[in-house]
Amino acid sequence: MTVPPEVREHGEQARTSARTDGLVPALTLLVRALSPKVPPRGPRGHAVLPRELLEEFAAEEAATREGARPEAASPAGTNGADDSGPLPGLAVLRPVPGRAAEAAPPAWGWALAWLRLGMSERLRDACLAHLAARQSEGTSLLMQQMVKGTLADVLLEHLEIEGVLDDLATGRTGPLGPLRPADDERHLAGLQEQITRVDRALLRLLGAHGFTAEGPGAAAHASELLADAYGTAGPGTAREDA
């Protein structure tokens with residue numbers, strides 16, 4: 001498939017926002033650009049949304065209900081909402097019994113991959129800053145061979161992911177030719193798995209810091225949850241860990 005230019009543009013903007021500002025601002029930007037009227041739900045009916053947008057969706061639906069008072073309305077945007085989001089500012093929507101899930105917009109998953117790439121790059125930046133500030137036997141941890149090797153592998157993975165997304169946006173194909181439509185979901189699942197694998201490698205470098213209250217582990221978990229919510233069941237095409 002070829003991702004529409006506007007989706008690529010919004011995805012790249014979300015990538016930049018994710019790297020500089022974090023997950024919630026980037027996801028807010030993406031939802032407002034690609035699904036401004038209804039919460040985009042994954043194939044199993046779940047959605048992960050900025051809490052601010054959840055409230056906007058609820059208010060808009062309440063306002064459109066003829067003769068309904070806002071306080072008495074039960075909008076689809078809030079039915080099944082889980083207040084304990086994976087990250088401050090996020091909420092999880094569960095499937096609404098008896099109500100068909102609103103389909104996520106076309107190419108939503110590919111735009112989300114751009115966003116997750118930006119989050120992974122943000123995690124890489126945090127990892128570099130943390131390790132540079134720590135020393136072992138008078139030498140920065142960044143100078144350790146294992147650390148340098150892992151970071152080099154992460155950078156190559158990020159460049160590969162970026163290259164795949166660029167190819168999909170421009171219509172370029174690889175040595176095996178263009179993807180068949182039936183391969184799209186499997187290929188996207190593999191790309192999301194690759195991002196998740198890279199994030200986990202970075203968190204291992206951070207050790208306990210990655211999972212403290214001040215560490216980046218919660219954001220990495222929320223990024224992975226996004227892939228799960230909007231992904232498909234079944235194996236992807238990501239390479240196995242060596």
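**Exercise 1. State what share of the residues of the protein chain count as buried, and describe the chain's overall make-up.**

Step 1. Of the 242 residues of the protein chain, 45% count as buried, where buried means under 20% relative accessible area with a 1.4 Å probe and protein chains only.

Step 2. The model is predicted, so local features need pLDDT of at least 70 and side-chain atom pairs count only at pLDDT 80 or more, while totals for chains, interfaces and linings use all residues. Residues are numbered from 1 along each chain as its sequence is written, and side-chain values use heavy atoms, with hydrogens and water left out.

Step 3. The secondary structure comes to seven helices and five strands; helices (H or I, at least four residues) and strands (E, at least two) are DSSP runs, numbered from the N terminus. Read along the sequence, the pattern is α-α-β-α-β-β-α-β-β-α-α-α.

Step 4. Among contacts with a separation of 6 or more, 73% join residues 24 or more positions apart; contact means heavy atoms within 4.5 Å.

**Exercise 2. Check the lengths of H1 and H2 against the expected span, and list their buried residues.**

Step 1. The expected span of a helix is 1.5 Å times one less than its number of residues.

Step 2. Helix H1 (residues 5-20) has 16 residues and should therefore span 22 Å; its end C-alpha atoms are 23 Å apart, which agrees.

Step 3. For the 12 residues of H2 the expected value is 16 Å, and the end C-alpha atoms are 16 Å apart, which agrees.

Step 4. In H1 the buried residues are Val 7, Arg 8, His 10, Gly 11, Ala 14, Arg 15, Ser 17 and Ala 18. In H2, Leu 23, Ala 26, Leu 27, Thr 28, Leu 30, Val 31 and Leu 34 are buried.

Step 5. An α-helix has 3.6 residues a turn, so residues three or four places apart point the same way.

Step 6. Gly 22, which follows H1, has a positive phi, near 115°.

**Exercise 3. Describe how H2 packs against H1 and against H4.**

Step 1. The axes of H1 and helix H2 (residues 23-34) come within 8 Å and cross at roughly 165°. Axes are lines fitted to C-alpha atoms, for helices over the stretch in contact, and angles run from 0 to 180 degrees between N-to-C directions.

Step 2. H1 and H2 are therefore roughly antiparallel to each other, since angles over 145 degrees count as roughly antiparallel.

Step 3. The crossing of H1 and H2 is right-handed, meaning that the near helix is turned clockwise from the far one by less than a right angle.

Step 4. From H1, Val 7, His 10, Gly 11, Gln 13, Ala 14, Ser 17 and Ala 18 meet Pro 25, Ala 26, Leu 29, Leu 30, Ala 33 and Leu 34 of H2. The residues of this contact divide into nine nonpolar, four polar and no charged. Here Ala, Val, Leu, Ile, Met, Phe, Trp, Tyr, Cys and Pro count as nonpolar, Asp, Glu, Lys and Arg as charged, and the others, Gly among them, as polar.

Step 5. The axes of H2 and H4 come within 11 Å and cross at roughly 160°, so H2 and H4 are roughly antiparallel. H2 passes H4 in a right-handed crossing.

Step 6. Leu 23, Ala 26, Leu 27, Leu 30, Val 31 and Leu 34 in H2 meet Trp 108, Ala 111, Leu 112, Leu 115 and Met 119 in H4. That contact has 11 nonpolar, no polar and no charged residues.

**Exercise 4. Locate Trp 114 and Glu 121, and name the residues they touch.**

Step 1. Trp 114 is found in helix H4 and is buried, with a relative accessible area of 3%.

Step 2. Not counting residues up to four places away in sequence, Trp 114 touches Arg 8, Gly 11, Glu 12, Arg 15, Glu 162, Leu 165 and Asp 166.

Step 3. Glu 121 also lies in helix H4 and, at 5% relative accessibility, counts as buried.

Step 4. Leaving aside neighbours within four places in sequence, Glu 121 is in contact with Arg 15, Arg 19 and His 158.

**Exercise 5. Find the phi and the surroundings of Ala 107.**

Step 1. Ala 107 is not a glycine, yet has a positive phi of about 65°.

Step 2. Ala 107 is found in the loop between strand E3 (90-93) and helix H4 (108-132).

Step 3. Ala 107 is buried, with a relative accessible area of 15%.

Conventions. Buried < 20%, exposed > 50% of the residue type's maximum accessible area, 1.4 Å probe, protein only. Parallel < 35°, antiparallel > 145°, perpendicular 65-115°, else oblique.
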